[in-house]
Amino acid sequence: MNVNRKVLTLDEFTIQQVRQIPNATGELSTLLRDIGLASKRINVEVNKAGLVDILGDAGSINVQGEDVKKLDIYANDQFTGVLQHGISCAGIASEELDDYIAFDDTESKNSKYVCLFDPLDGSGNIDVNVSIGTIFGVYRRVTPLGTIASKEDFLQKGTQQVAAGYIIYGSSTMLVYATRRGVNGFTLDPSIGEFTLSNANIKCPPSGKIYSVNHGNFFQYNEGVKSYIDICQRKNKNTGGPYTQRYIGSMVADVHRNLVKGGIFMYPGTIDKPKGKLRLLYECNPFAFIIEVAGGKATDGHQRILDIQPTELHQRTPMFIGSKDMMGELEKEMGNS
Ligand code: AHG
Ligand code: MN
Ligand code: MN
């Protein structure tokens with residue numbers, strides 16, 4: 001079979017990017033390659049998820065005599081292992097771990113980046129064959145090179161990200177990542193096992209027709225959110241509504257669709273959980289960075305997500321993210337404009 005050489009692989013693309021930046025060391029492209037490798041391994045396991053009855057359920061022992069792990073733990077271990085053995089990452093923090101891990105070997109201590117991730121997002125959807133994903137944010141460490149990373153490296157504002165991205169295990173598997181230079185999407189070509197550039201320079205349309213929110217919580221939302229949802233559902237000459245409601249329950253899939261087609265995704269606080277459900281460091285900051293580079297907006301309803309100073313690794317925040325004009329309409333209803 002012929003390989004189309006006009007198609008750029010993820011590695012080729014990141015190396016080309018490095019060449020355009022004077023004094024770049026290439027460490028970030030190595031890190032992105034490691035992330036690509038970990039996600040290819042996760043992809044293989046995700047694709048086997050439906051075979052769980054045959055191969056063994058989480059907690060059981062499979063036919064090879066190996067322990068079968070929950071997929072989110074498997075994904076966490078793959079990301080942690082690949083980044084630890086790579087040469088660009090000083091430490092990681094993950095939704096699946098209570099605390100951060102600072103890698104203690106010489107190579108890692110001399111690495112300038114830390115990576116924070118949600119190894120498997122939307123994991124409640126695994127059993128029913130619905131798209132799930134991985135989300136990551138990369139920061140330059142603030143502690144000196146050569147030392148072991150510490151908590152302050154992980155508790156940085158989202159504005160400090162140098163790159164952020166996600167992998168969506170969907171009808172195809174895609175890796176999308178942003179640096180300040182742009183957002184680019186790569187689709188995994190299973191015939192060669194490579195992520196290849198498929199969506200160059202992604203821009204979020206300034207407006208769209210889709211709103212994504214968990215309607216089951218409607219009566220728990222504040223008046224501003226309810227009023228905006230009401231507008232989304234009405235015919236309205238300012239907005240061109242009614243909009244279409246789409247909610248997959250995997251943030252990666254919901255925000256990816258809205259990024260490409262235009263739309264808004266909301267996970268507001270509720271009466272029971274005023275800070276909502278989503279985690280600032282592993283879910284909200286990476287997506288806020290990506291959407292802003294693509295021309296959209298992300299807030300907690302009052303403040304830009306990327307400006308929030310984190311105080312703990314697992315802190316949660318309400319999240320509103322999407323097309324610029326739709327976010328403007330929301331802000332009006334929330335009384336912020
Ligand atoms: P995770 O699987 O990492 O715990 O995250 C699931 C998140 C997010 O992906 C999704 O948008 C949200 O949970 C859905 O929550 P609700 O079921 O409460 O709407
Ligand atoms: Mn998640
Ligand atoms: Mn998760």
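Domain bounds, as used here, come from an automatic or database domain assignment. On that basis the protein divides into domain 1 (10–199) and domain 2 (210–336), and the centres of the two, taken over C-alpha atoms, are separated by 24 Å. The structure is a predicted model, in which local features need pLDDT of at least 70 and side-chain atom pairs count only at pLDDT 80 or more, whereas totals for chains, interfaces and linings use all residues. Residues are numbered from 1 along each chain as its sequence is written, chains are lettered from A and ligands numbered from 1 in the order in which they are written, and side-chain values use heavy atoms, with hydrogens and water left out.

The contact between the domains (heavy atoms within 4.5 Å) takes 44 residues from domain 1 and 29 residues from domain 2. Between them the domains bury about 2,700 Å², 68% of it on carbon and sulfur atoms; buried area is the accessible area (1.4 Å probe) that two parts lose on being put together, summed over both. In domain 1, the residues losing the most area to domain 2 are Leu155, Lys157 and Tyr166, which together account for 22% of what that side buries.

Polar links across this interface are of one kind. The rule finds zero salt bridges between domain 1 and domain 2, a salt bridge being a side-chain nitrogen of Lys or Arg within 4 Å of a carboxyl oxygen of Asp or Glu. There are, however, twelve residue pairs in polar contact, both at pLDDT 80 or more. A polar contact is a pair of N or O atoms within 3.5 Å; within protein, one must be able to donate a hydrogen and the other to accept it, and residues adjacent in sequence count only if both atoms are side-chain atoms.

Two manganese ions follow. The manganese ion (ligand 3) is coordinated by Glu95 (OE), Asp118 (OD) and Leu120 (O) at 2.2 to 2.3 Å. Donors are N, O and S atoms within 2.8 Å of the metal (3.2 Å for Na, K and Ca); water is not among the atoms, so sites may look incomplete. The manganese ion (ligand 2) has as protein donors Asp118 (OD), Asp121 (OD) and Glu283 (OE), 1.8 to 2.1 Å from it. Asp118 coordinates both ions, which are 3.7 Å apart. Distant parts of the chain are linked by the pair of Asp118 in strand E3 and Glu283 in helix H9 (residues 280–293), 165 residues apart; helices (H or I, at least four residues) and strands (E, at least two) are DSSP runs, numbered from the N terminus.

The salt-bridge count comes to eleven. Arg33 forms one with Asp11, the closest N and O atoms being 3.4 Å apart. Because Arg33 lies in helix H2 (residues 27–47) and Asp11 in helix H1 (residues 10–19), this pair ties together parts that are 22 residues apart in sequence.
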